[in-house]
Structures are given as C-alpha cells and as structure tokens.
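Biologist: I should like to learn how the features of a structural model are read. Might we begin with the terms and then turn to the case at hand?

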Amino acid sequence: MMLPHFVSTKKTGDEAERLAERFLIKRGLALVARNYRCRHGEIDLIMYHGETLVFVEVRLRKPLRGHADFGGALASITSSKQAKIITTAQHYLAGLKHLPPCRFDVLLLNGLNLTGVEWLASAFEA
C-alpha cells in the first residue's frame, strides 16, 4: 500500500517548508502565503523581503549512500519546473492591485535541520 509512503513524504516536505520559513523569517523576510496553488503549479512560500515579493522554492534532498545525490537539490529545479513556478507567480501577481519588485529564491536543505542550508536569492529570473 502506497499511502504510508505518501503521507510520510508529504509530512517530511511540510516540515522542510516550515523549517525554511523559520530560517527566512530569522533573516528578515515576512510570510505572505504558504503553498500557493493554482492550475499551473504551486509555490512553497511567498514572502516579502523589504519591498520585494519573493517566491521561494524549498528543496530537501537526502544524500544517497555512495552517490553524489544526482546533482543535488538545485539540479532538481529544471527549466520546466522554473517555468511552472514563474507561471504560478504570474497568476498570483494578477490578483494584486500594485506590482512590487519580485524575485525567485531557492532554499536548499540537506535534511530536516539548519546545517548545510543554502539560500540562493535570485536563483533564476522570469
């Protein structure tokens, strides 16, 4: 039965996003929305960093024994995934009265702790 694995994976992903949120709040960002979804995709976190609206993709990768993690968490954000994030961000922005400056950040986690966290501000552009 696949349900326990799915629940475990979702629970782990949710915990990674909460950890990322706390990490970014401690660095001066303010939460606007979690798990924003539309028909185009999902954005893990939407936050303000000063006047800039930041769309954050959170990636959690557990190292595989004997492997270099197949390019790591950053390599998992393909051009296709970036396009989905950008289109989802455009959907979110369409609902705002005023368009703020925006950027796309990536937060890479090497487990469910804050050791080895890598924050890539402006990781890609629209």
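Modeller: Let us begin with burial: a residue is called buried when its relative accessible area is under 20%, exposed when that area is over 50%, and partly exposed in between. Phenylalanine 124 has a relative accessibility of 7%, so this residue counts as buried. Please note that the model is predicted.

Biologist: How is confidence in a predicted model read, and what is the mean pLDDT of the protein?

Modeller: The predictor gives each residue a confidence, pLDDT, from 0 to 100. Here the mean over the protein is 85, and 83% of the residues reach 70 or more. Residues 65–70 call for caution: their pLDDT stays under 50. The model has five contacts beyond four places in sequence for residues 65–70.

Biologist: How should I read a nonpolar core, and which residues of the largest one touch the most other members?

Modeller: The general idea is a set of buried nonpolar residues joined through their side-chain atoms. The largest core here has 18 residues, and Ile46, Phe55, Phe104 and Phe124 are those that touch the most other members. At least two residues of this core come from each of β1 (30–38), β2 (41–49), β3 (52–60), α3 (79–94), β4 and β5. Helix α3 gives the largest share, five residues.

Biologist: Which residues does isoleucine 46 contact, leaving aside its neighbours within four places in sequence?

Modeller: The contacts of isoleucine 46 beyond those neighbours include Ala30, Leu31, Val32 and Ala33, together with Tyr36 and Tyr92. Leu53, Val54 and Phe55 are also in contact with isoleucine 46. Apart from the largest core there is a second, separate one of 14 residues, with Leu19, Phe23, Leu107 and Val117 among them.

Biologist: How are aromatic pairs classified, and how many does a search of the whole structure find?

Modeller: The angle between the ring planes decides the class: under 30 degrees is stacked, over 60 is edge-to-face, and the rest are tilted. The search finds five aromatic pairs. In one of them, phenylalanine 23 and tryptophan 119 are edge-to-face, with 6.4 Å from centre to centre and 85° between the planes. This pair links distant parts of the chain, as phenylalanine 23 belongs to helix α1 (residues 3–26) and tryptophan 119 to strand β5 (residues 118–124), 96 residues apart. Phenylalanine 23 is buried at 9% relative accessibility, whereas tryptophan 119 is partly exposed at 27%.

Biologist: What class of pair do phenylalanine 104 and phenylalanine 124 form?

Modeller: Their planes lie at 20° and their centres are 5.1 Å apart, so this pair is stacked. Phenylalanine 104 is in strand β4 (residues 102–109) and phenylalanine 124 in strand β5, 20 residues apart. Phenylalanine 104 is buried, its relative accessible area being 7%. Both rings belong to one aromatic cluster with Tyr36, Phe55 and Tyr92.

Biologist: Which ring lies beneath the charged end of arginine 27?

Modeller: That ring is the one of phenylalanine 23, and the charged end of arginine 27 sits over it, 3.6 Å from the ring centre.

Biologist: How is a salt bridge read, and how many are counted here?

Modeller: Side chains of opposite charge can pair when their charged atoms come close. The count here comes to seven salt bridges. In one, glutamate 21 meets arginine 34 at 2.7 Å, N to O. Glutamate 21 is in helix α1 and arginine 34 in strand β1, 13 residues apart, and glutamate 21 is buried at 10% relative accessibility.

Biologist: Where do glutamate 57 and lysine 81 lie in the chain?

Modeller: Glutamate 57 is in strand β3 and lysine 81 in helix α3, 24 residues apart. Their side chains form a salt bridge at 3.9 Å, N to O. Glutamate 57 is buried at 5% relative accessibility, while lysine 81 is partly exposed at 24%. In addition, Glu15, Arg18 and Arg22 are linked in a network of salt bridges.

Biologist: What should I look for in the backbone angle phi?

Modeller: Most residues other than glycine have a negative phi. Asparagine 35, found in strand β1, has a positive phi near 50°. Serine 122, in strand β5, also has a positive phi, near 55°. Serine 122 is partly exposed, with a relative accessible area of 45%.

Definitions and conventions:
Residues numbered from 1 in each chain as written. Predicted model: local features only at pLDDT ≥ 70, side-chain atom pairs only at ≥ 80, totals over all residues. Heavy atoms only, no water. Phe/Tyr/Trp six-rings, centres within 6.5 Å; stacked < 30°, edge-to-face > 60°. Helix = DSSP H or I, 4+ residues; strand = E, 2+ residues; numbered from the N terminus. Buried < 20%, exposed > 50% of the residue type's maximum accessible area, 1.4 Å probe, protein only. Lys NZ or Arg CZ within 6 Å of the ring centre and 35° of its normal. Core = buried A, V, L, I, M, F, W, Y, C linked by side-chain atoms within 4.5 Å. Contact = heavy atoms within 4.5 Å. Salt bridge = Lys/Arg side-chain N within 4 Å of Asp/Glu carboxyl O.
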